[in-house]
Structure formats: C-alpha cells, structure tokens
Amino acid sequence: MKSERLLSLDVLRGITIVGMILVNNPGTWESIYAPLRHAEWNGLTPTDLVFPFFMFIMGVSMSFALSKFDHHFSRSFVTKLIRRTVILFLLGVFLSWFSLVCFGVEHPLEHIRILGVLQRLALAYCFGSLLIMSVRRPVNLAWISGILLIGYYILLMLGNGFDLSEQNVIAVTDRWIFGENHMYREWLPDGSRIFFDPEGLLSTLPCIAQVIIGYFCGNILREKTEIQHRLLQISILGIILLFAGLLFSYGCPLNKKVWSPTFVLVTCGFASLFLVFLTWLIDIKKQQKWGYAFHVFGTNPLFIYVVAGVLATVLAVIPVGDTSLQGKIYQSIVAVFRDAYLASLIYGLLFIGFNYLIVLVLYKKRIFIKI
C-alpha cells in the first residue's frame with residue numbers, strides 16, 4: 001500500500017499547491033471573493049488553511065523519508081538536511097530579490113525580505129527533522145510539541161502577541177534580529193502599514209509542532225495494520241485536535257498571522273481528516289481519475305511554487321499600454337464577464353492552468369525536481 005498512500009499524499013499536496021497559487025494570484029487584489037481572502041486578524045477562512053496544510057503534509061512526508069535513517073545521524077542524513085534547508089531558504093530570499101529587481105527598487109539587497117513562506121518551510125523542516133531524529137519515543141515527541149505550543153502561548157500573552165501592532169513580540173523579535181528594511185509591512189484595516197511579518201521568526205516555533213503532528217499521522221499510515229484501522233486512528237486524532245483547538249480558541253484566538261497554538265490544532269485537525277478522506281477515496285474506493293491534475297502538481301510542488309512566483313512578477317511588470325500584461329489580461333476578462341470578482345477568479349484559474357501545462361510536461365517526461 002506504500003505507493004498508493006503516496007499517491008493520496010501527492011494529491012493532497014497538489015490540492016494545497018493549487019490553493020497557494022490561486023490565493024496568491026487574483027486578477028486584482030481589489031476584487032476577491034471572501035473565501036479567497038485571509039482573515040484580517042483573528043479568525044479563519046478557507047484560504048488560511050492552505051499554508052498550514054502544506055506544513056502538515058511536509059510532516060507526513062518526513063515520516064516516509066526519515067524512516068530509512070532509523071533515528072541515526074548518518075552523513076547522508078546531515079548532508080540532505082543542510083542542503084535542503086539552505087536551498088529552500090535561499091529560494092525564498094531569491095523570490096523577494098527578484099520581485100524587488102523587477103519592480104525597479106534601488107539597492108534591492110538592502111530591502112530583501114529575509115523571511116517568507118519558503119524560509120518558514122525550511123526552518124520548520126530543519127528543526128522538525130532534528131527533533132524527530134533525536135527523540136526515539138513518539139510519546140516524547142508529543143510532549144515536546146505540547147511544550148512548544150504552551151511555551152509559545154505564554155510568550156504571546158506576555159508580549160502583546162495577539163495585538164496587530166509593532167509592539168507585538170513577533171514584530172519586536174524580527175526588528176531586533178533583521179531590521180525594518182528586511183521585514184514585511186502588514187496592512188491595517190485603515191489602509192496604513194506596519195512592520196509585522198506573518199512569517200516571523202518567533203512564530204515559526206509552533207510550525208515545528210505542526211510538522212511533528214503531521215509526522216505522527218505519517219507514522220500511523222506506515223503501520224502494518226489494516227488500512228481501515230489506520231484511518232480510524234488518524235480520524236480520532238484529527239477530531240481531538242479540531243475540538244481542542246476550537247475549545248481553547250476562547251482564550252487563545254485562531255490567528256494565522258501569529259500562527260497561534262489553537263490555529264495549529266484546528267488546521268492539523270482539518271488536514272488529518274482531509275487526508276483520511278482522500279486515502280479512503282483513492283486507496284479504498286479506487287476513485288483516482290478525478291485527482292490526476294492534482295497528482296501532477298503534487299509531484300513537483302516546490303518547483304512550480306517558485307516558477308509561479310517568478311511568472312506572477314513577470315506578468316505584473318511587463319508593460320502593455322498604460323497597464324501591465326497582467327492588468328491587460330484581467331481587463332479583457334472583465335470586458336467579457338462584466339463582473340470584477342468573477343474576472344479576478346478566472347484570471348487566477350487561467351494562471352493555474354498555465355502552470356499546469358509546465359508541470360504536466362515534466363510529469364510526462366518523468367522529471368521530478370526534488371529540493
């Protein structure tokens with residue numbers, strides 16, 4: 001069942017990557033359907049599930065990838081860990097630099113955003129792998145995850161962690177380490193901006209716990225028992241996580257931008273239940289044709305994420321008359337459908353379709369670019 005489980009995982013990974021590309025590439029940021037927006041601060045939208053789902057999936061994949069090392073720090077493991085961490089982090093920095101250069105920012109190196117999506121994945125992968133390889137007993141990993149989430153909650157409570165302000169401990173930490181020139185500027189409801197990074201260094205701590213929870217689910221999938229029994233175990237875990245997160249959200253709000261502990265619990269609960277559903281649908285019911293396109297995306301996820309980021313920047317800077325190529329395409333869609341919101345969504349779907357052609361060519365040629 002190993003290859004079939006990985007097919008389910010590829011489909012889930014592909015769905016997540018498609019979601020990431022879609023929410024990052026509307027025709028215009030002024031016209032976006034509510035489910036495709038992030039929560040302004042506290043709360044949860046479907047869009048807020050996308051990134052944590054990928055973090056959870058990374059943990060599941062690590063269960064398969066790290067099992068061959070059997071908790072031994074071999075030279076091959078250390079080499080792979082360092083190489084992948086550095087490449088992921090530098091790719092994230094490259095996307096920031098590329099955008100600054102294309103938009104004509106002077107001295108781009110002085111304004112590169114140090115942190116970001118790929119950088120967070122790199123750090124969570126690195127420290128999550130080190131913990132997993134260092135701790136042999138799964139129960140100890142559970143304790144470590146709990147300590148990470150509780151300790152992080154205490155930091156948030158003591159450091160204005162639930163305030164969208166530059167006095168938030170997350171912003172203070174990033175400003176002290178990186179400086180304002182290398183931080184993201186978050187939008188406030190009144191249209192002003194502050195130095196606050198939603199992928200901050202301190203808020204990466206709970207992401208490590210998210211990876212470990214995904215690792216637990218991957219371990220359950222690798223067990224030798226009946227698949228129905230394994231799916232039942234993951235379902236129970238997912239329900240517990242989901243209800244615990246919702247219950248504790250009364251004292252610890254769901255918040256993606258600080259990656260609150262309850263946000264970790266709820267999103268891991270949803271992700272594990274979705275994984276169960278896909279495994280049941282694909283592995284047990286053998287309903288696989290519908291997920292072909294997602295499977296294709298899931299075989300080269302990080303590669304196409306980077307390519308999509310580069311393409312989005314290029315489309316936004318190529319001049320066409322008094323607008324950009326992106327603007328021209330969007331205006332053409334609006335002229336046909338007469339609905340700004342629908343046109344914005346259609347542009348995003350067309351953008352996904354173009355990226356699909358890229359990964360489909362790679363898939364047909366059996367080229368899988370591993371980072």
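Colleague: Is I82 buried or exposed, and how do I read that?

Modeller: Buried means under 20% relative accessible area, exposed means over 50%, and partly exposed is in between, using a 1.4 Å probe and protein chains only. I82 has a relative accessible area of 51%, which means that it counts as exposed. Keep in mind that this is a predicted model, where local features need pLDDT of at least 70, side-chain atom pairs count only at pLDDT 80 or more, and totals for chains, interfaces and linings use all residues. Residues are numbered from 1 along each chain as its sequence is written, and side-chain values use heavy atoms, with hydrogens and water left out.

Colleague: Where does I82 sit?

Modeller: I82 is in helix 3, residues 75–102. Helices (H or I, at least four residues) and strands (E, at least two) are DSSP runs numbered from the N terminus.

Colleague: And which residues form a nonpolar patch on the surface?

Modeller: For a patch, take residues with over 30% relative accessible area and no salt bridge, then join like charges within 9 Å, or nonpolar side chains (Val, Leu, Ile, Met, Phe, Trp, Tyr) within 5 Å. Here I82 joins F73, V78, V86 and L90, and together they have about 440 Å² of accessible area, by the Shrake-Rupley method with a 1.4 Å probe, where for residues only the protein chains shown count as cover.

Colleague: On to charges: how many salt bridges turn up in the whole structure?

Modeller: Side chains of opposite charge can pair when their charged atoms come close. The rule is a side-chain nitrogen of Lys or Arg within 4 Å of a carboxyl oxygen of Asp or Glu, and the search finds five. One of them pairs R13 with D10, with 2.4 Å between the closest N and O atoms. They are three residues apart in helix 1, and therefore about one helical turn separates them. R13 and D10 are both buried.

Colleague: Which parts does the R113 and D197 pair tie together?

Modeller: That salt bridge is 2.7 Å, N to O. R113 lies in the loop between helix 3 and helix 4 (117–134), and D197 in the loop between strand 2 (193–195) and helix 7 (205–221), so the pair ties together parts 84 residues apart in sequence. Both of these residues are buried too. Then there's K257 with E186, at 2.9 Å between the closest N and O atoms. K257 is in the loop between helix 8 (227–248) and helix 9 (261–284) and E186 is in strand 1 (residues 185–187), which puts them 71 residues apart. K257 and E186 are buried. Salt bridges with shared partners also join R113, D197, E199 and K256 into one network.

Colleague: What about empty space: what volume does the second largest pocket have?

Modeller: On a 1 Å grid over the protein atoms alone, a pocket is an open set of points with protein on both sides within 12 Å along at least five of seven lines, and lining residues have an atom within 4 Å of a point. Points are joined across faces, edges and corners, and a volume is the space filled by probe spheres set on them. The second largest pocket comes to about 950 Å³. It has 30 lining residues, and the closest to its centre are D10, R13, S61, R84 and K370. Helix 2 gives the largest share of that lining, eight residues.

Key
On a 1 Å grid over the protein atoms alone, a cavity is a set of points where a 1.4 Å probe fits but cannot get out, and a pocket is an open set with protein on both sides within 12 Å along at least five of seven lines; lining residues have an atom within 4 Å of a point.
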